[in-house]
Amino acid sequence: MSVNISSATGRLDLPECQMCVAAEQCSLQYHFHAGDDVLLNFTCTNPEDYFIMEVKREIAVQDDDLDNLIPRNLPRLNTTYIWELNVPYNVGVKIGFHKHSLRQTDTDHCPDLVKYSVKGHVRDDNRKEVPVGIFCRNGTIHSLKVQGRTIVILEVPWMEVTDEAEFQLFFVLPIKKFSVVEVVLQPESSVYFMSANWPWGFPNDELMTWNFLIPPKHHANITVENFTKPYCVKRDAGWFFGPSLLGKKNNQFHQSFMLTLQNCDMDSSSDTELNMRFKVQVFMDYSEMIEIKLREEDGISVKFKQVLQDSKLLCICKIPVTSNCTSELQLNPGDHVNISSHFQCDRAHDIIVESTKIVLCEDLSECPVRNADLELPALLATLPLPLQSFRWVLEAPPEMTVELATRRLKLQQVLPGQSCSGNLTYKMSTFCKDEIRSIIGFFCPGGTVELIQATDSMTLELLTTDAWQTSDLDISLSFVPRVTEDYIMKVIPEPGPAVHLLTPNWELGMPDTLTASWDISVPEDHVVELSFLNKSMPLCEHGHVIISVDEQWDDATLTSFRETDALPTLPISLAHRFWLNVSNCKTSQGHLKLTFHILVKEYEDMETLIISAAAAGGLVLIVAIIVVVCCIKKRRQRRNQPALAIYNPGVKQRAHRRKQGKTRQDNESHIYAVINEDRMYSDYFYKDQMPSMPEVDVYRPFQGPMGNVHPGLPPPRGHVPTGTSAEDANMVANELYTFTAKKQDTENREEMVSFLGNAEKSSNSQPSLLSAEGVDH
């Protein structure tokens, strides 16, 4: 053994730190031999910054002391230990790493600065060193075997305590190869290995072997990432699996195996060398059996699907016939099978599960389903596979409506291009006669939508991730009598972030003639601002697109728009619960797509707006009074002039009939505030004894029957005809009028026109409008 301490590279010009054997003998370098007894003194407190140490030991076959490989009481310096095992070529050397397993690296650096280098020699030249590899700690290599003369180099930083070696040396029988690497693979690991003398070329006409031990219930995949083949004079170069050259090539293993690299007798005139670099990945073995009993589950079908792109590998296998594997397996209600996955497949990523449960309701009397929780069947909840999707098919007869509600977690509609932040997503769609009619939308738990109703049969699809839990599911099912709208959503917004709502089938557009309503509540002492963000209007072939906002209070005014109208750019403020209704026409071109924005604000924020609206309303009222007074004065001036009136009985305007119209009790169209002098009964006007028209107003209160409003149902979807005021529209939509006219004598040629409310007819009669031209209103 010899110890050499010298100045670190680049530190020869720093005399402030020297190494002294005696007071008068100081130097920057000393060389010591075995048996020397020396006391060293350094002239500085950090000699590790100025000196390095090399410890070299030669070991022969006859040496018995292979345990004490590192001498004690050496200075704490950056040290390189070198062990030269000078043995004949027919002797094998084994290096066992009992404390820290190693991993091979293709760089010259290790994270903890502790680095092993192992070198061997070829048979023809005992002086030519060939690197077996460079290794770092914390790996899977438990031992190395080298044939013949071997050199082990260990580099240790000064802060690492190395009073004893972390490996053991043994002399063994010939291994008949250049080197052997013993590897114990770890679960769920990925490691790299390189051929000896990487990347400068594997020795000529040599063999190298890696022996791999796989942990139980796991399998390994081999991926060769780099392989260069030399020009050969004799034999062939390559790699194979198994104990002999007859081993079959295969890249997947579920038991312990070996990989051997063989070089040929290379052409020395060629520069091409044999090099190989490969990766070993360890996966859990998913070949255990899964029992599927659909006999115990009512109306459930399960489909297993393979998502691997490689069609040659079939992952889903039936037991006990393991050769009966497929890429897709459909199990119907009542089936009972045992399945497993191929060991080469990763069950958590390569196989998905799609399950369907049918809930059928024949009629309301035989299907009293009310607030029934939709729960995941126990079979699927315990399935040792990640559930990708579960679907409920909810079939309802024509006279019933499917109702989905939440108990704890209200729903939030997902906007296009967004996804749920949690592990669960609901996809809701409707169908008729096994055809999808429209997609209601995608929803996440935690929002403002409390209830969803659909008159068609509905499909509820549960989309999950690996981290989802059954407690995230919160949907109850009811079958209720049929409602008037195709879709109804009950929305309960709260102060905070804005709520977005989309019309059904938003991506492709709302289907023709479909109707949808949103029942939106307003928190107490708050107002809701309704905005129209995105819109796409179609061209209508029949009918019109009607968008209406109906606030639920006595003096509310119905606000409605058609497809030709410009939607408001500013928010509509609503202080009471309101219905938002959308009905589509029969389109000829384009699609109906709308996005609504709901924001809850404190009521006091709207005081200024209400005052401004009241001031504007007062101004309009004053202007209207002035106009009426001017008209009356003008008419009195023209009283003695002939009045002309043209009666057109054929001109009518058809009113829009609602599915459920409001009754007369809901409006005040039957009440007359003032009746002008020419609104008196015509028979009374034209008595012979009357020389002139009386200048008095006659008020006749309404005394007919009043109807009832049906609570809980969406209001009618009427609209105001273009060019008609709101007051006139109410009269047109709710009252029947008769037109009477009497002519005076031929000389006078005067005509009187009178509109009288027909109180004898029911308020539910079909509304009509008789128009008169030239009448002085």
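Biologist: Is the disulfide of C420 and C444 left-handed or right-handed in this model?
Modeller: Keep in mind that this is a predicted model. The torsion about the S-S bond of C420 and C444 is about -90°. That torsion is why the disulfide counts as left-handed.

Biologist: How far apart in sequence are the parts that C420 and C444 link?
Modeller: C420 sits in the loop between β35 (411–413) and β36 (424–432). C444 belongs to strand β37, residues 435–445. The pair links distant parts of the chain, and the sequence gap is 24 residues.

Biologist: And how far apart are the sulfur atoms of C420 and C444?
Modeller: The cut-off for a disulfide is within 2.5 Å between two cysteine sulfur atoms. C420 and C444 form a disulfide, with their sulfur atoms at a distance of 1.7 Å.

Biologist: Is C420 buried or exposed?
Modeller: Buried means under 20% relative accessible area. C420 has a relative accessible area of 14%. Its partner C444, at 8% relative accessibility, counts as buried. By that cut-off, C420 is also buried.

Biologist: Let's try another pair. Which cysteine forms a disulfide with C232?
Modeller: Start from C232, which lies in strand β19, residues 232–234. The partner is in the loop between β22 (257–262) and β23 (265–266), so the pair ties together parts that are 32 residues apart in sequence. The two sulfur atoms are 1.9 Å apart, and the partner is C264.

Biologist: Is C232 buried, partly exposed or exposed?
Modeller: Anything under 20% is buried and anything over 50% is exposed, with partly exposed in between. C264 is buried at a relative accessible area of 0%. C232, though, has 28% relative accessibility, so this residue is partly exposed.

Biologist: What about C540 and C585: what is the torsion about their S-S bond?
Modeller: C540 is in strand β45 (residues 539–542), while C585 is in the loop between β49 (578–583) and β50 (586–589). Their sulfur atoms are 2.0 Å apart. The disulfide is left-handed because the torsion is about -80°.

Biologist: So how many disulfides does the count come to?
Modeller: The rule asks for two cysteine sulfur atoms within 2.5 Å. The pair C540 and C585, at 2.0 Å, is one of those that fit. By this rule the count comes to six.

Biologist: Now for the sheet. Which strands stand at the edges of the open sheet?
Modeller: Four strands form this open sheet, in the order β25-β30-β27-β28, with antiparallel pairing. Each edge strand has a single partner, so one side of each is left without a neighbour in the sheet. Those edge strands are β25 (290–293) and β28 (325–326).

Biologist: Which residue in β30 does K318 stand opposite?
Modeller: Strand β27 (residues 316–319) and strand β30 (residues 336–341) run antiparallel, joined by four bridges. Across from K318, the residue in β30 is I339.

Biologist: Last one: which strand gives the most to the largest nonpolar core?
Modeller: That core has 79 residues, and I292, F304, Y426, W518 and L530 touch the most other members. The strand we want contributes four residues, and it is β51 (residues 593–602).

Conventions: Residues numbered from 1 in each chain as written. Predicted model: local features only at pLDDT ≥ 70, side-chain atom pairs only at ≥ 80, totals over all residues. Heavy atoms only, no water. Pairing = 2+ DSSP bridges. Helix = DSSP H or I, 4+ residues; strand = E, 2+ residues; numbered from the N terminus. Buried < 20%, exposed > 50% of the residue type's maximum accessible area, 1.4 Å probe, protein only. Core = buried A, V, L, I, M, F, W, Y, C linked by side-chain atoms within 4.5 Å.
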